[in-house]
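Subject: Structure handover

Hello,

Please find the structure below, with the sequence. My notes on it follow.

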Amino acid sequence: DFDTKAGRAMLGGGREWRVAGTRLQLITEDGDVLYEKVVRARPTAAELAAFAGEYASGETMSRLVVARGGKGALTLRVGSGELLELTPTFQDAFASPEGTIAFGRDSAGKVVELRVGDDRVWDLRFQRVK
């Protein structure tokens, strides 16, 4: 049942959904998950160029290279590995065959880091070195 006045729905298994503005919250016995509506990104060529560069992680001792690919896309290469195409998802974030790639900016808006997330790792950070 969905209660439109309260903005919530009860589902089987003790799960509850709550809606507040652009946010959707799933409440379960194991903890809450918050979802937020975002606008799909459609970056321009100049916006994509701002992400190109080299990123390094002291934690993994590895380097990632982000470059402009064909048809206005971005590519990512880990060391000498295979070239992965990045697909824009929301602002400063991309989907790849290996997981989510998100870029972080400094207070001036310059791209300074790359963050990786997938099923096994979340928020693995690479600092921009070039």
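I start with a single pair: Pro88 has Phe94 of β10 as its bridge partner. Note that this is a predicted model, and everything that follows is computed from it. The pair belongs to the contact between β9 and β10, which run antiparallel and are joined by two bridges.

The barrel

These two strands are part of a closed arrangement. Eight strands form a barrel, in the order β6-β7-β8-β9-β10-β11-β12-β13, with antiparallel pairing. From one strand to the next, the twist averages 30°.

Further along, β10 and β11 are antiparallel and share four bridges. Ser96 has its bridge partner, Gly99, in β11. The connection from β10 to β11 is a hairpin through two residues.

Between β11 and β12 there are six bridges, again in the antiparallel sense. Here Ala102 is matched with Arg115 in β12 as its bridge partner. These two strands also form a hairpin, with five residues between them. Gly109, in that turn, has a positive phi of about 90°. As for burial, β11 is mostly covered, with five of its seven residues buried.

Glu85

Glu85 is a residue of strand β9. With neighbours within four places in sequence left aside, Glu85 is in contact with Ala73, Leu74 and Thr75, and also with Ala95, Ser96 and Pro97. For Pro97, the C-alpha to C-alpha distance from Glu85 is 7.9 Å, and the two are 12 residues apart in sequence. Ser96, in that contact list, is the residue whose bridge partner is Gly99.

Two positive phi values outside glycine

Met61 and Asp92 are worth a look when you check the backbone. Met61 has a phi near 55°, which is positive, and is not a glycine. Met61 sits in the loop between β6 (53–57) and β7 (62–68). Asp92 is likewise not a glycine, and its phi is positive at about 65°. The loop that holds Asp92 runs between β9 (83–88) and β10 (93–96).

Which of the two is buried and which is exposed? Met61 has a relative accessible area of 70%, so it counts as exposed, the cut-off for that being over 50%. Asp92 has a relative accessibility of 16%, and therefore counts as buried, since the limit is under 20%.

The contacts of Asp92, leaving aside neighbours within four places in sequence, are Phe51, Ile101, Ala102, Phe103 and Arg105. Ala102 is also the residue that has Arg115 as its bridge partner.

Pockets

The largest pocket holds about 240 Å³ of space. Its lining has 14 residues, and those nearest the centre are Leu64, Val78, Glu98, Val116 and Leu124. The elements that contribute two or more residues to this lining are β7, β8 (74–78) and β13 (124–128). By residue class, the lining of the largest pocket has nine nonpolar, two polar and three charged residues.

The second largest pocket has a volume of about 210 Å³. Its lining consists of Phe90, Thr100, Ala102, Arg115, Val116, Gly117, Trp122 and Asp123. Two strands, β11 (99–105) and β12 (111–117), each supply at least two of these residues. Which element gives the most to this lining? That is β12, with three residues. The lining of the second largest pocket divides into four nonpolar, two polar and two charged residues.

Some residues recur across these notes. Val116 lines the second largest pocket and is also among the residues nearest the centre of the largest one. Ala102 and Arg115, which are bridge partners, both appear in the lining of the second largest pocket. Ala102 is in contact with Asp92 as well.

Regards

How values were computed
Residues are numbered from 1 along each chain as its sequence is written. This is a predicted model: local features need pLDDT of at least 70, side-chain atom pairs count only at pLDDT 80 or more; totals for chains, interfaces and linings use all residues. Side-chain values use heavy atoms; hydrogens and water are left out. Buried means under 20% relative accessible area, exposed over 50%, partly exposed in between (1.4 Å probe, protein chains only). Two strands pair if DSSP finds at least two bridges between them. Axes are lines fitted to C-alpha atoms, for helices over the stretch in contact, and angles run from 0 to 180 degrees between N-to-C directions. On a 1 Å grid over the protein atoms alone, a cavity is a set of points where a 1.4 Å probe fits but cannot get out, and a pocket is an open set with protein on both sides within 12 Å along at least five of seven lines; lining residues have an atom within 4 Å of a point. Grid points are joined across faces, edges and corners, and a volume is the space filled by probe spheres set on the points. Ala, Val, Leu, Ile, Met, Phe, Trp, Tyr, Cys and Pro count as nonpolar, Asp, Glu, Lys and Arg as charged, and the others, Gly among them, as polar. Contact means heavy atoms within 4.5 Å.
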